[in-house]
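This report looks at strand pairing, one helix and the aromatic pairs of a predicted model. The structure is shown here, and the discussion follows it.

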Amino acid sequence: MRLFDKFWHQTLRRPYRLAKPLDVGAGQPVIFLHGVGKTGHTWQHVVARLAHRPYRLVAFDLLGFGASPKPAWILYDIDDHAGTVIAAIEKINDKRPVILVGHSLGALVALRIARRRPDLVRHLVLYEMPLYEGLPEKRRYRLRLSLYFRFYRWVLGYRPEFNEANRRRAERLMRRLTGFDVDEASWQPFIKSLEHSIMQQTAADDIQRVKMPMDVIYGRYDMVVIRGQVRQVFGEDAEHVAAHTVPARHSISERASRFIAERIEAAMAQPPEALGDGR
């Protein structure tokens, strides 16, 4: 199996196949991408709200998480994640561009996909996207960024010994400190994704190059990402961007699920031919 992996994926650069913990309905495809240290199951409340609609609702486990492959040799940068999702979307074999919904890391991945393959994406719904560049030059933003990166570096340096004696203790610690669900199998993908996709992100440049319609949603009580001023980040003339704030923390709560579902339905109501090619 290791020889096959090396030849098929490392040598030929064939993408890994992602797991689909949620795949419901038929019709216009809506793709959901979860945050770092999570799985596709985090979208279950949003999917339940839309299950009666004529949509195909697919939540993937990103590379390294859930039931998806966890190769040790992958860097887990934004293009590693985006490339596997692009291949997964193409395997759905639907001629229609998708509505792409992302949470946290998943929002960064969705934005990258929209830049690389605008032909595949009809509309973006980006919830709790961590933006660390292009923010207003204010002391409170610099202070919060400094605190975030200090914490992230601590996480990167944390090396739990995953054995039966302390496995559960380490998992409880990481859930308590970060809210992430990580275990021995997903630990390396987790810290690599944190470092190479979130800390070393491409979002600021991607934002300037993606012009398709998008909803950008932040939680009023989120202490994990900086909400900032969306118009200052995306540009005052960014008419394709609709900014929203919901009373939520850094999680896909019932209230946030309802609002996200409403934005997906609103995007569906807009004729795709009126949206342009997103470039």
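## Strand E5 and its partners

Strand E5 and strand E6 (residues 214-219) pair in the parallel sense, with four bridges between them. Within this pairing, Leu 126 stands opposite Val 216 in E6. Strand E5 also pairs with strand E4 (residues 98-103), again in the parallel sense, this time over six bridges. One point of contact in the E4 pairing can be named by residue, since His 103 has Tyr 127 of E5 as its bridge partner.

How covered is strand E5 (residues 121-127)? Strand E5 is mostly covered, and seven of its seven residues are classed as buried.

## Helix H4 and the crossover

Helix H4 (residues 105-116) belongs to a right-handed β-α-β unit, which E4 and E5 make together with this helix. The helix has twelve residues, and the distance from its first C-alpha to its last is 17 Å, a value close to the 16 Å expected at 1.5 Å a residue.

Like the strand described above, H4 is mostly covered, with ten of its twelve residues buried. The buried residues of H4 run from Leu 105, Gly 106, Ala 107, Leu 108 and Val 109 to Ala 110, Leu 111, Arg 112, Ile 113 and Ala 114. This list therefore includes Arg 112, whose relative accessible area is under 20% by the cut-off for buried residues.

## Aromatic pairs

By the ring-centre criterion, the model contains two aromatic pairs. In one of them, Phe 32 and Trp 43 are tilted with respect to each other, with 5.2 Å centre to centre and 40° between the planes. This pair links distant parts of the chain, as Phe 32 lies in strand E2 (residues 28-33) and Trp 43 in the loop between E2 and helix H2 (44-50), eleven residues apart. Phe 32 and Trp 43 are both buried.

Why is the pair of Trp 187 and Phe 190 called tilted? The ring centres of Trp 187 and Phe 190 are 5.5 Å apart, which lies within the 6.5 Å limit for a pair, and their planes stand at 40°, which is neither under 30 degrees (stacked) nor over 60 (edge-to-face), so the pair counts as tilted. Trp 187 and Phe 190 are three residues apart in helix H7 (residues 184-199), and they are therefore separated by about one helical turn. Trp 187 has a relative accessible area of 4%, so it is buried, and Phe 190, at 0% relative accessibility, counts as buried too.

Key:
Residues are numbered from 1 along each chain as its sequence is written. This is a predicted model: local features need pLDDT of at least 70, side-chain atom pairs count only at pLDDT 80 or more; totals for chains, interfaces and linings use all residues. Side-chain values use heavy atoms; hydrogens and water are left out. Rings of Phe, Tyr and Trp (its six-membered ring) pair if their centres lie within 6.5 Å; planes under 30 degrees apart count as stacked, over 60 as edge-to-face and the rest as tilted. Helices (H or I, at least four residues) and strands (E, at least two) are DSSP runs, numbered from the N terminus. Buried means under 20% relative accessible area, exposed over 50%, partly exposed in between (1.4 Å probe, protein chains only). Two strands pair if DSSP finds at least two bridges between them. A crossover is right-handed if, with the strands pointing away from the viewer, the path from the first strand over the helix to the second runs clockwise. The expected span of a helix is 1.5 Å times one less than its number of residues.
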